[in-house]
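Open the structure in your viewer and keep the selection tool at hand. The tour goes from one selection to the next and says what is there.

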Amino acid sequence: MAQNPIQSAATTRNQHVVAVSRQRTDTWVRHVFFVITILPIGLIAVVLIGLLYRSWPILSRYPFTDLLFGIDWKPSEGRFGFYSFIVGTVWVTVVGVGLAIPPCILVAIYLAEYAGARTRLLAKPILDVLAAIPPVVYGVWGLLAVVPLVETMIGPWSQRLLGFWGLFAVQQPTGFSVLAGGIVLAIMITPLIIAVVFEIFNTVPVDLRNASLAVGATRWETIRRVLLPQVMPGIIAAIVLGASRAFGETIAVLMVVGNIAQVPHSLFDAAYPLPALIANNYGDMMSIPLYDAALLCAALILLVIILLFNIMATIVLKRFVK
Amino acid sequence: MSAHIDVTNLNVFYGKQQALTNVSIAIPRQQITVIMGPSGCGKTTLLKSFNRFLELTDGTTITGAVQVDGQNIYAGDVDVTAVRKRVGLLAQRPTPLPMSIYDNVCYGMQIHQMRTNKADYAVAVQHYLELAGLWEEVKTRLHEPATSLSIGQQQRLCLARGLAVEPEVILGDEPTSALDPISSQHIEKRLLELKNQYTTVIVTHTLRQAKRLADYVIFMYMGEVVEAGVARELFTNPQQERTRQYLEGVF
């Protein structure tokens, strides 16, 4: 290779040193980023192992199926059945997500497809504020507004109209119920789901809408026949995100859900979800043998439910996108 | 010359910026009209005023009238979907809908409920794919996704989809600018074949394409119509200085 006449031998050597040092920085950065990337994965493993370790006393004492499907919860008598808590968690989450999704999708469609720039500009910050309200405030609001509403209006009304159907019958007319928890949860996850679905609609190219409008389709026909099939995987992802949040929501739910260790049979029955069980009892009554291990086992079960749910959702999503 | 589209005193604003100024122009029936001019001169805006696509952009103000067959399409009681059924649009980039080739052609027909049974739809799909010169290439794979076609084929599919709702007018917004030369030729050939049945309005930025296609030419500059006339005369003997400069490639 021809030497550049104005470049001395020294600068050539410097160039070489610089090049090696740049490569070294690159390699170093890559390693650091790799470690930081695997950190959260490692964290899940650490949490799982930690919980497993701390709940081992109870896991080794009772058969796992007895813990999962046992209905009795009498720690002082050494009976630890998590079934009612697991069912309670699932009930409250399903009701919350079920209540949230239809209006959320409609709002997101309205904002993304129909609303003018001004409405959109106004609605977004309001939704952001809704997302920023602390859960405990939702809990207080649920206590003051939702529980009485369920007790005095929705409950009696449901009993009168749908009382023949167990799901809607009122056995425990206090208002502290799966439904109250579900309503509070639904409102809490609403801003999240709306924001995600809205963003997903925005990712669809304008050209695609125009192609449909150009043959004389209405907005709604365009949404139903072109946009919705296109964004369906995204909507499922949004639902999963909302549900994951709902599974773990603790304080707001425990304030309105009644916290009675029973398997709920109606929307108006009280329930006792896993997060509420842990939050209410951890730190108390540690003199009872195995109680500590039982609560950490509850945390383990909650974590496993959420992990399984996310894995399932990923599989569904994969199949959908193909 | 009988005008099919009649534009009177059309002014269009995007926010505060004026895109069209006092445009009055008549588009002849069943010929190819080419709108040309430098970029940003308002030619696409004028084109999109014919199928009421301008109002899809927030903050657009439109004054004046656009009459299609004597009916002002901006009148209060006009159904915009009916306008867009009569005035079809071939977009700049091919945009097949995310469904099969067959369903793409059916899409508009189904929305307007133009047939009553499956067999009639199938006949219509073949007919319009033939009109667009695509039938032979896709007849064995009608139920494959439209996105599996090449870009050039996709644009012909879009043409078939547009023709299927039986428009009177075909608008083309630089319909070949995203295509390779062979595919462009295909589209141009189709447009020339169809021009006796449809009023066609094409926006183009290539002078050579304008010369190949145009029966009638509108030359625009800075949001105004500078000159309009029969293609042969306008190309050989422009009346306006700016038209002459444009044809000579000054800008």
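Start with chain A of this predicted model. Select residues 10-54 and give them one colour: this is domain 1 in the domain assignment. Then select 60-321, which is domain 2 of chain A. The C-alpha centres of domain 1 and domain 2 of chain A lie 38 Å apart.

Next, go to where the two domains of chain A touch. Six residues of domain 1 are in contact with nine residues of domain 2. Together the two domains bury about 620 Å², and 79% of that area is on carbon and sulfur atoms. Select Leu48(A), Leu51(A) and Arg54(A): they supply 80% of the area that domain 1 of chain A buries against domain 2, more than any other three residues.

Keep Arg54(A) and add Asp292(A). Their side chains meet in a salt bridge, at 3.2 Å from N to O. Across this interface of chain A, the rule finds one salt bridge. By class, the side of domain 1 of chain A that touches domain 2 has five nonpolar residues, no polar ones and one charged residue.

Now move to chain B and show its strands. Four of them form an open antiparallel sheet, in the order β2-β1-β4-β5. Select β2 (17-28) and β5 (71-72) of chain B: each stands at an edge with a single partner strand, so one side of each has no neighbour in the sheet.

Then select β1 of chain B, residues 3-14, which pairs with β2(B) in the antiparallel sense over eight bridges. Which residue in β2(B) stands opposite Ile5(B)? Select Ile27(B) to see that partner.

How values were computed
Residues numbered from 1 in each chain as written. Chains lettered and ligands numbered in written order. Predicted model: local features only at pLDDT ≥ 70, side-chain atom pairs only at ≥ 80, totals over all residues. Heavy atoms only, no water. Domains from an automatic or database assignment. Contact = heavy atoms within 4.5 Å. Buried area = accessible area lost by both parts, 1.4 Å probe. Salt bridge = Lys/Arg side-chain N within 4 Å of Asp/Glu carboxyl O. Nonpolar A, V, L, I, M, F, W, Y, C, P; charged D, E, K, R; others polar. Pairing = 2+ DSSP bridges. Helix = DSSP H or I, 4+ residues; strand = E, 2+ residues; numbered from the N terminus.
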